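Me: Hi! I'm new to looking at protein models. Could you walk me through a few features and how to read them?

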Amino acid sequence: MDDTPCRVAAVRDVGPDAVAIDVESPAEFDAAPGQFVKLTFEVDGEAESRFYTVSSPEVGDTFEITVGIDPEGTVGPILADLAPGDELTVSGPFGSDYYEGEPFAVVLAGGPGVGPAVGIAERALDEGNDAAVVYRDDDPIHGDRLDALADRGAFVRRLDADGDLDAATADALAAADADPQLFVYGFADFVDAATDAVEAAGGDAEGAKIENFG
């Protein structure tokens, strides 16, 4: 989908300096959790674009993105002020590292990577499959959705910056009762740590679907 005006349906606080934004889906829009969209804004007469990963399990009527708000950033103040009925310019989806119906999804998420993590895990459970989420963040978000996933039987492990990612990853892989598909979402340092943890646990890091946020 090329640049398309879309209306904001809802904005919700989901944790420290983070919001989930529900956007009305255009008729032609189709995406899976883990893919990402581009939002384009006009700032001081110049176009500014940012990429955000889909964090909802479905995109039929609306799709969700999870956004960390930097009040000092170029785009952050715009996102912080959004309200239902406001218009966004959206294109996409983009990306090939998304959920495709795998029977057991193991998602390692750092920081904002929890957005696609919860979307993938919810979609997997909705389709009768299984999921595990390992999430590392000093200021965790989406706590309600992680709790709901655990209540539904998903393996969920939350870590702070000093948490043992190797052990949590090994436990998540051990919980898989089918051949697990690994997903990794986060910034570069987390991606490196996560792939090292997978290898230490004897998992298939080369087969992981990875989205590096830079």
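Reply: Happy to! One term to start with: a residue counts as buried under 20% relative accessible area, as exposed over 50%, and as partly exposed in between. Also keep in mind that this is a predicted model.

Me: Is F94 buried, exposed or partly exposed?

Reply: F94 has 32% relative accessibility, so it counts as partly exposed.

Me: Which rings pair with each other, as F51 and F94 do?

Reply: The general idea is to look at how far apart two ring centres are and how their planes are turned; planes over 60 degrees apart count as edge-to-face. F51 and F94 are 6.2 Å apart, centre to centre, with 75 degrees between the planes, so by that cut-off the pair is edge-to-face. F51 belongs to strand 4 (residues 46–53) and F94 to strand 6 (residues 87–94), so this pair ties together parts that are 43 residues apart in sequence. F36 joins F51 and F94 in one aromatic cluster.

Me: How many aromatic pairs does the structure hold?

Reply: There are 6 aromatic pairs. Among them is F187 with F213, again described as edge-to-face: 5.9 Å between centres and 85 degrees between planes. F187 sits in the loop between strand 10 (181–186) and helix 5 (188–200), while F213 is in the segment after strand 11 (209–212), so the pair ties together parts 26 residues apart in sequence. F187 is partly exposed at 41%, and F213 is partly exposed at 25%.

Me: What sits over the ring of Y98?

Reply: The charged end of K209 does, 5.9 Å from the centre of that ring.

Me: Now the strands. What is the order of strands in the open sheet?

Reply: For a sheet, read the strands in the order in which they lie side by side. Here 6 strands run 4-3-6-1-2-5, with antiparallel pairing. Strand 4 and strand 5 (62–68) are the edges, each pairing on one side only. On average, neighbouring strands are turned by 40 degrees against each other, ignoring direction. To zoom in, strand 1 (residues 4–15) and strand 2 (residues 18–24) pair in the antiparallel sense over 6 bridges, and D13 stands opposite V19 in strand 2.

Me: And how do I read two helices together?

Reply: Two packed helices are described by the angle between their axes and the distance between the axes. The axes of helix 2 (residues 114–126) and helix 3 (residues 143–151) come within 10 Å and cross at roughly 30 degrees. That makes the two helices roughly parallel, and their crossing is left-handed.

Methods
Residues are numbered from 1 along each chain as its sequence is written. This is a predicted model: local features need pLDDT of at least 70, side-chain atom pairs count only at pLDDT 80 or more; totals for chains, interfaces and linings use all residues. Side-chain values use heavy atoms; hydrogens and water are left out. Rings of Phe, Tyr and Trp (its six-membered ring) pair if their centres lie within 6.5 Å; planes under 30 degrees apart count as stacked, over 60 as edge-to-face and the rest as tilted. Helices (H or I, at least four residues) and strands (E, at least two) are DSSP runs, numbered from the N terminus. Buried means under 20% relative accessible area, exposed over 50%, partly exposed in between (1.4 Å probe, protein chains only). A charge sits over a ring if NZ of Lys or CZ of Arg is within 6 Å of the ring centre and within 35 degrees of the ring normal. Two strands pair if DSSP finds at least two bridges between them. Axes are lines fitted to C-alpha atoms, for helices over the stretch in contact, and angles run from 0 to 180 degrees between N-to-C directions. Angles under 35 degrees count as roughly parallel, over 145 as roughly antiparallel, 65 to 115 as roughly perpendicular and the rest as oblique. A crossing is left-handed if the near helix is turned anticlockwise from the far one by less than a right angle, and right-handed if clockwise.
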